[in-house]
Amino acid sequence: MVATASQDPARAASLELGVIGNCQISALIDDRGRIVWSCLPRFDSDPVFCTLLAGDASESERGTYEIELLDQVRSEQHYVPNTPILETILEDRHGGRVKVTDFCPRFEQYDRVFHPVTIVRYVEPLAGSPRVVARLRPAAQYGEQVPETSFGSNHIRYIMPDLTLRLTTDLALSHVMEETPFVLDRPVTLLLGPDESLRDSVVTTARRFYEMTRDYWLRWVRGLAVPFEWQEAVIRAAITLKLCTFEDTGAVIAAMTTSIPEAPGSGRCWDYRFCWLRDSYFTVNALNRLGATRTMEAYLRYIVNVSVASDGGVLQPVYGITGEQQLTERVIDSLSGYRGDGPVRVGNQAWEQVQNDVYGSVVLSAAHVFFDSRLARRGDLELFRLLEAVGERAVERHDQPDAGLWEYRGRRRIHTFSSLMCWAACDRLERIANRMGVSDRARYWHEQAERIRAVINREAWNAEQQCFTEAFGRPELDASMLLMQELGFLAADDPRYQSTLTVIETNLRRGDHLFRYRAEDDFGAPENAFNICTFWYINALASVGRRDEARALFENILSCRTRLGLLSEDLNPDTGELWGNYPQTYSLVGIILAAIRLSEPWEKAF
């Protein structure tokens, strides 16, 4: 990835961002080597670095971490292959060049995975006499407060209300504290982490962290069962999905950011740093398809815990990463927003919504442990009984109004996708019961599934349009109907599925991308395509035999990724510009599943 430097304010915020992390924390880094977003000590914490959402110069003075090369004219950025270790090469107009290597340590140590709240930066000169400035300005309370500082012989402490960080470095402290330019004539190391002394020198510690982190990820990638084609795209998506898991509890966040608008001026700015049970099902399913089974097992522990804690089996659509139920939404005034386009929201009102598809998401996620012999934990009668309680809620709610998977805030309908997922819950419970030899329960769940199927066929089919629609008795279209085949409700050769596909592509496709819907909602008509819907469309085309079209559209959306191979939630179909929270797990799942479906078999290579 190569970029040319510019002082244009419009470049101040962009989703051309590298991602580093270790399943505890993460950081987003732009092509100038600036850490523009990082929440510490965990994904949903106050962002210590937050200039991604700083709309003006005064805001951007706080919450940044930059190794600035004076007179920079060019940058180049890439990952160390098959790792989330990011290298940024900066070049000045005099021929000076420096390389900044960024990573968060993650490796196995003492029979467990070590993933400290630590960001390591290693800066080395490559050519000439480059002059740099080390600018480290943590912030607290979403950019509102500047921390107190103190220092020792080789460290600086940043003291915030809920967190104290220590920068340990072999760089002159005065260069950091006073932000004075200096000639980089030797490599320097900056380790930002807990307020603890290092046992070894910062150089030795950082080198050990680097080597063990690199080796960990190389081993992890070697264990992936990747398709023959598009391997680099799949590997990068898989690594990033792994980075979106909170290892402590098994939760999977929808994205690392909050409040990146779905479209400019739309007001559609949401906090995605939480665990949606629906999104998480698709994520762990994709990683499981690649052989990354530990993520599935960890997530199962998470959903068992939230299910047991639920009130009578009633599930929320979204929880905090440690299982918190209340995610009170509020607007933050201290940050103007991405490119000054707010509001900036923290928390998410969706936790209060009724979204009946969630019961299917839980059962589909847990079903793997009854059928996948690779998993350490196998499904048993105790887990089956727990899932049956979830299934009963699906039976009760399959024909009840809710906010739907798109989380409408101003209306409630009987959404077809929610009913479809309730059907899927019953259908999978029947399969599980058969697997376990519990024939009476298999008959029961078969009856419930067939009853819900009849309701969907009767109420969601629009005879005039010849398609399944968004909600019972409504004419509006919804891209989620493309999942009817993937979930097993309809066969790909069913005339109703093929007709639904034709109607959806005629009305929701724009250019090479698909909208989730086109009807006005609480915020008006959608302006941008929804990336996961484009992948659903690609998979639908492949399922009905239009494979060449599907491959062409897949290649096209791959070309819309950032230069480092990542995707956000939304995309402007006219310009290709990415919008919405980033990196979006849903979109990365789309890359993996489409590649698996469309790739030529490995046998073609031999």
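These legends accompany an overall view and several close-ups of one predicted model.

**Figure 1. Overall view of the protein chain, with 15 helices and 31 strands.**
The chain has 606 residues, and its radius of gyration is 25 Å. A compact globule with that number of residues would have a radius near 25 Å, so the value agrees with one. The C-alpha trace spans about 75 × 55 × 50 Å along its principal axes. Buried residues account for 62% of the chain. Take the contacts between residues at least 6 apart in sequence: 65% of them join residues at least 24 apart.

**Figure 2. Surface and charge of the protein chain.**
About 22300 Å² of the chain is exposed. Carbon and sulfur atoms supply 46% of that area. The side chains include 66 positive and 84 negative ones. The centres of these two sets lie 3 Å apart.

**Figure 3. Strand 4 and its two antiparallel partners, strand 3 and strand 5.**
Strand 4 covers residues 35-39, and five of its five residues are buried. Strand 3, residues 26-29, pairs with strand 4 over two bridges. Within this pair, Leu28 has Trp37 of strand 4 as its bridge partner. Strand 5, residues 47-49, also joins strand 4 over two bridges. Here Ser38 is matched with Phe49 of strand 5. Strands of a sheet pair through backbone hydrogen bonds, either parallel or antiparallel.

**Figure 4. The turn and the loop on either side of strand 4.**
Strand 3 and strand 4 make a hairpin, with five residues between them. Gly33 sits in the turn and has a positive phi of about 80°. The loop between strand 4 and strand 5 holds Pro41. The peptide bond from Leu40 to Pro41 is cis, with omega near 15°.

**Figure 5. A cis peptide bond at Pro343.**
The bond runs from Gly342 to Pro343, and its omega is near 0°. Pro343 belongs to the loop between strand 23 (330-332) and strand 24 (344-346).

**Figure 6. Positive phi at Tyr142 and Glu179, neither of them a glycine.**
Tyr142 has a phi of about 55°. Its loop connects strand 13 (131-137) and strand 14 (148-151). Tyr142 counts as buried because its relative accessibility is 6%, and the cut-off for buried is under 20%. Glu179 has a phi near 55°. Glu179 lies in the loop between helix 2 (173-177) and strand 17 (182-183).

**Figure 7. Strand 18 with strand 12 and strand 16, both antiparallel to it.**
Strand 18 takes in residues 188-194 and is mostly covered, with six of its seven residues buried. Strand 12, residues 119-127, pairs with strand 18 over five bridges. One of the matched pairs is Val120 with Leu191 of strand 18. Five bridges also link strand 16, residues 163-169, to strand 18. Thr169 stands opposite Leu190 in strand 18. In a regular strand the side chains alternate between the two faces of the sheet.

**Figure 8. Surroundings of Phe468 in strand 26.**
Strand 26 consists of residues 467-468. Phe468 has a relative accessible area of 0%, so Phe468 is buried. Which residues touch Phe468, leaving aside neighbours within four places in sequence? Its contacts are Ile456, Asn457, Ala460, Trp461, Met481, Met484, Leu490, Arg496 and Thr500. Glu527 gives a reference point for distance: Phe468 and Glu527 are 59 residues apart in sequence. Their C-alpha atoms are 23 Å apart in space.

**Figure 9. An open sheet of three strands in the order 29-30-31.**
The pairing in this sheet is antiparallel. Strand 29 (529-530) and strand 31 (578-579) are the edge strands, and each pairs on one side only. Strand 30, residues 570-571, is joined to strand 31 by two bridges. Asp570 has Trp579 of strand 31 as its bridge partner.

Definitions and conventions:
Residues are numbered from 1 along each chain as its sequence is written. This is a predicted model: local features need pLDDT of at least 70, side-chain atom pairs count only at pLDDT 80 or more; totals for chains, interfaces and linings use all residues. Side-chain values use heavy atoms; hydrogens and water are left out. Helices (H or I, at least four residues) and strands (E, at least two) are DSSP runs, numbered from the N terminus. The radius of gyration is taken over C-alpha atoms; the globule rule is 2.2 Å times the number of residues to the power 0.38. Buried means under 20% relative accessible area, exposed over 50%, partly exposed in between (1.4 Å probe, protein chains only). Contact means heavy atoms within 4.5 Å. Accessible areas come from the Shrake-Rupley method with a 1.4 Å probe; for residues, only the protein chains shown count as cover. Lys and Arg count as positive and Asp and Glu as negative; His and the chain ends are not counted. The place of a charge is taken as NZ of Lys, CZ of Arg, CG of Asp or CD of Glu. Two strands pair if DSSP finds at least two bridges between them.
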